[in-house]
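Please work through the following exercises with the sequence and the three-dimensional structure at hand. Attempt each task before reading its solution.

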Amino acid sequence: MGGCCSSPDDGRHSLTPRTKRDKERQIKTWQASGIISVRSAGHKELPEEVRTALRNARVLDAAGNNLQSIPDWVLEASSLKRLLLQSNALRHLPSGLSQLRSLRVLNLASNALTHLPDLQGLVLLQVLTLSQNHLEEVDPSIGCLTALTQLDVSGNKLTRLPPNLGKCVALTEVLASDNRLVEVPTELGRLQKLQTLNLERNSLAVIPPAVLVGCICLQTLLLQGNPLTSEQLAATEGYADYEQRRQRKYDKVLATNVLTSGFTEAIDRDVAVT
């Protein structure tokens, strides 16, 4: 899910203005392009000139700074589609975050978040990246994100995924490795478009049959680093159908490799467990 949230520009909009004239020129550039970038500029708070250019902005890229909070005036950006805040020091988010109803991509990876605000207004959100934070739970309002296709909550302190995640029916990828998960909600079996489920390095002793049976497009299931044996998994209802899908995917990959660039040994067994 990280490639989907890369910088929207090549750095030409990210120069730090020094004089009043420079600031005015920068604001005009941001307004003309719809892209505001202050990436990796050492900011501890968003510059005021960002607010000036924000009204019709489509992208706000403030990744790689030292931001500890996001001002409420960011919520005025009703046209914002991509909000990139990864690699900062954010401890909390504005309570009105769901006002950003045009948002498609929200990247909050590598911060210090311990909880999330209500998300239910983000009905157009497609990509949500929350990896490498300190989250102990995911707000149940995530179930309202029916356009969400990619969710990354890896590297947190989660012991459970919210059952409401099963309402995110557009999901194709869920990454939840390196947490403290002790169970997987059966409601995930409702995700009929889910193709990839990464649960590596958790504390899972069982995968609910409902997930293997209901996730009819699931092709990649990653379970290494859990107290679950391959024999136990193979005995789970729905595993045989999953294994057939997994094998078909790899047969297709191998055939493509042979036809385009020759055979390469680049396939691991998705369902490997300890």
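The exercises below treat the sheet, the core, the salt bridges and some loop residues in turn.

The model is predicted: local features need pLDDT of at least 70, side-chain atom pairs count only at pLDDT 80 or more, and totals for chains, interfaces and linings use all residues. Residues are numbered from 1 along each chain as its sequence is written, and side-chain values use heavy atoms, with hydrogens and water left out.

**Exercise 1. The sheet**

Determine in which order the strands form the open sheet, and which strands lie at its edges.

Solution.

Step 1. Helices (H or I, at least four residues) and strands (E, at least two) are taken as DSSP runs, numbered from the N terminus. Two strands pair if DSSP finds at least two bridges between them.

Step 2. The open sheet contains 9 strands in the order β1-β2-β3-β4-β5-β6-β7-β8-β9, with parallel pairing.

Step 3. The edge strands, each pairing on one side only, are β1 (35-37) and β9 (220-222). From one strand to the next, the twist averages 5°; for such angles, axes are lines fitted to C-alpha atoms, for helices over the stretch in contact, and angles run from 0 to 180 degrees between N-to-C directions.

Step 4. As an example of pairing, β8 and β9 run parallel and are joined by 3 bridges. Leu197 has Leu221 in β9 as its bridge partner.

**Exercise 2. The nonpolar core**

State how many residues the largest nonpolar core has, and which of them have the most contacts inside it.

Solution.

Step 1. A nonpolar core is a set of buried Ala, Val, Leu, Ile, Met, Phe, Trp, Tyr and Cys residues joined through side-chain atoms within 4.5 Å. Buried means under 20% relative accessible area, exposed over 50%, and partly exposed in between (1.4 Å probe, protein chains only).

Step 2. The largest such core has 67 residues, and those with the most contacts inside it are Leu60, Leu106, Leu128, Ile142, Leu197, Leu199 and Ile207. The elements that give two or more residues to this core are α1 (20-33), α2 (48-53), α3 (209-214) and α5 (239-260).

Step 3. Consider Leu106, taking contact to mean heavy atoms within 4.5 Å. When residues up to four places away in sequence are not counted, Leu106 touches Leu83, Leu97, Leu122, Leu125, Val127, Leu128 and Thr129.

**Exercise 3. Salt bridges**

Find how many salt bridges there are, and describe where the partners Asp178 and Arg201 lie.

Solution.

Step 1. A salt bridge is a side-chain nitrogen of Lys or Arg within 4 Å of a carboxyl oxygen of Asp or Glu. By this rule the count is 7.

Step 2. In one of them, the side chains of Asp178 and Arg201 meet at 2.7 Å, N to O. Asp178 lies in the loop between β7 (173-175) and β8 (196-198), and Arg201 in the loop between β8 and α3, so the pair ties together parts that are 23 residues apart in sequence. Asp178 is partly exposed at 32% relative accessible area, and Arg201 is partly exposed at 41%.

Step 3. Within helix α5, Arg246 and Glu243 form a salt bridge at 2.6 Å, N to O. These two residues are 3 residues apart, about one helical turn. Both Arg246 and Glu243 are buried.

Step 4. Salt bridges that share partners also join Asp178, Glu200 and Arg201 into one network.

Step 5. In helix α1, Arg25 and Asp22 are likewise 3 residues apart, about one turn. The closest N and O atoms of their salt bridge are 3.0 Å apart.

**Exercise 4. Loop residues**

Decide whether Asn88 is buried or exposed, and find which backbone nitrogens its side chain reaches.

Solution.

Step 1. Asn88 is found in the loop between β3 (82-84) and β4 (105-107). With 10% relative accessibility, Asn88 counts as buried.

Step 2. The side chain of Asn88 reaches the backbone nitrogen of Asn66 at 3.4 Å and that of Leu67 at 3.1 Å.

Step 3. Not counting residues up to four places away in sequence, Asn88 touches several residues, including Gly64, Asn65 and Ser110.

Step 4. Ser110 is found in the loop between β4 and β5 (127-129). Although Ser110 is not a glycine, its phi is positive, about 55°.

Conventions:
A polar contact is a pair of N or O atoms within 3.5 Å; within protein, one must be able to donate a hydrogen and the other to accept it, and residues adjacent in sequence count only if both atoms are side-chain atoms.
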